[in-house]
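Me: Please take a close look at one part of this model, the charged side chains that pair up and the helices that carry them. I would like one connected account, with the numbers kept in.

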Amino acid sequence: MLLEPPSLGNLASLTASPIPKAVINSRLLRSIFITNLHEQINSKLIFCMDTGCLTYWCPCITFGRIAEIVDKGSPSCAASGAMYTFIAIVIGIPCWYSCSYRMKMREQYALDGNRCSDFLIHCFCENCALCQEYRELQSRGFNMAIGWDGNMDARNREVAMAPVPPMVEEGMKR
């Protein structure tokens, strides 16, 4: 039998119950963290001019950049974009391939949604979906034009250039 996690308002009544406090506290912590686990996608599902023109004329480039970041550099932007183009030309439905990356991104960043909505968004509004994913990764601090390796190099330089406090020797030495 599964028990519902306690609400914060109902906590006082639960502590008087025969359930051990450790169980109550663990259920309370799970209810707090699990309910706040998923977050909304930061950008709206609209076609915008900054990424929209690129996506309209060359969706393979937009998709390749998204796939490279989501897959952490392997395969490259060019390989993913070429696969997208191949599927678009041969099968004619690249949304089958691109929606899988929306699902991966949703799982990586614990975003709201489900497989059905991912597929429908890509089927009916492929360019808007690609624009939204592109902007979402940008809002998470990725420079989409430099790819995965460029982003990792930039982050490593930021960490390496962080100020280090001077070392102070303790005690006197003769």
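Reply: Glu133 is a good place to start: its relative accessible area is 1%, so Glu133 is buried. This and every value below come from a predicted model. The side chain of Glu133 meets that of Arg102 in a salt bridge, with 3.0 Å from N to O. Since Glu133 belongs to helix 8 and Arg102 to helix 6 (residues 95–108), the pair ties together parts that are 31 residues apart in sequence. Arg102 has a relative accessibility of 6% and therefore also counts as buried.

A second pair involves helix 6 again. Arg106 forms a salt bridge with Asp118, and their closest N and O atoms are 2.9 Å apart. Arg106 lies in helix 6 and Asp118 in helix 7, so this pair ties together parts that are 12 residues apart in sequence. Both partners are buried; for Arg106 the relative accessible area is 12%, which falls under the 20% cut-off. Leaving aside residues up to four places away in sequence, Arg106 touches Leu111, Asp112, Gly113, Asn114, Arg115 and Asp118. Its salt-bridge partner Asp118 is thus one of the residues on that list.

The two pairs belong together: Arg102, Arg106, Asp118 and Glu133 are linked in a network of salt bridges. On the helix 6 side, the network holds Arg102 and Arg106. An α-helix has 3.6 residues a turn, so residues three or four places apart point the same way.

The other two members of the network sit on helices that also meet directly. The axes of helix 7 (residues 115–124) and helix 8 (residues 126–139) come within 5 Å and cross at roughly 120 degrees. The two helices are therefore oblique to each other. Helix 7 contributes Ile121, His122 and Phe124 to the contact, and helix 8 contributes Glu126, Ala129, Leu130 and Glu133. By type, these residues divide into four nonpolar, one polar and two charged. Glu133 thus appears both in this helix contact and in the salt bridge to Arg102.

Helix 8 carries a further acidic residue to consider. Glu136 pairs with Arg140 in a salt bridge whose closest N and O atoms are 2.8 Å apart. Glu136 has 0% relative accessibility and so counts as buried. Arg140 has a relative accessible area of 23%, which makes it partly exposed. In total, the structure holds six salt bridges, among them the pairs Glu133 with Arg102, Arg106 with Asp118 and Glu136 with Arg140.

For the setting, the secondary structure of the protein chain comes to nine helices and zero strands. Of its 174 residues, 32% count as buried. Among contacts with a separation of 6 or more, 59% are between residues 24 or more positions apart.

Elsewhere in the chain, helix 4 (residues 59–70) shows how a single helix can be covered: nine of its 12 residues are buried. Its buried residues include Phe63, Ile66, Ile69 and Val70, and also the charged Glu68. From first C-alpha to last, helix 4 reaches 16 Å, close to the 16 Å expected at 1.5 Å a residue. Just after helix 4, Lys72 takes a positive phi of about 60 degrees.

Key: Residues numbered from 1 in each chain as written. Predicted model: local features only at pLDDT ≥ 70, side-chain atom pairs only at ≥ 80, totals over all residues. Heavy atoms only, no water. Axes fitted to C-alpha atoms, helices over the stretch in contact; angles between N-to-C directions. Helix = DSSP H or I, 4+ residues; strand = E, 2+ residues; numbered from the N terminus. Parallel < 35°, antiparallel > 145°, perpendicular 65-115°, else oblique. Contact = heavy atoms within 4.5 Å. Salt bridge = Lys/Arg side-chain N within 4 Å of Asp/Glu carboxyl O. Buried < 20%, exposed > 50% of the residue type's maximum accessible area, 1.4 Å probe, protein only. Expected span 1.5 Å × (residues − 1).
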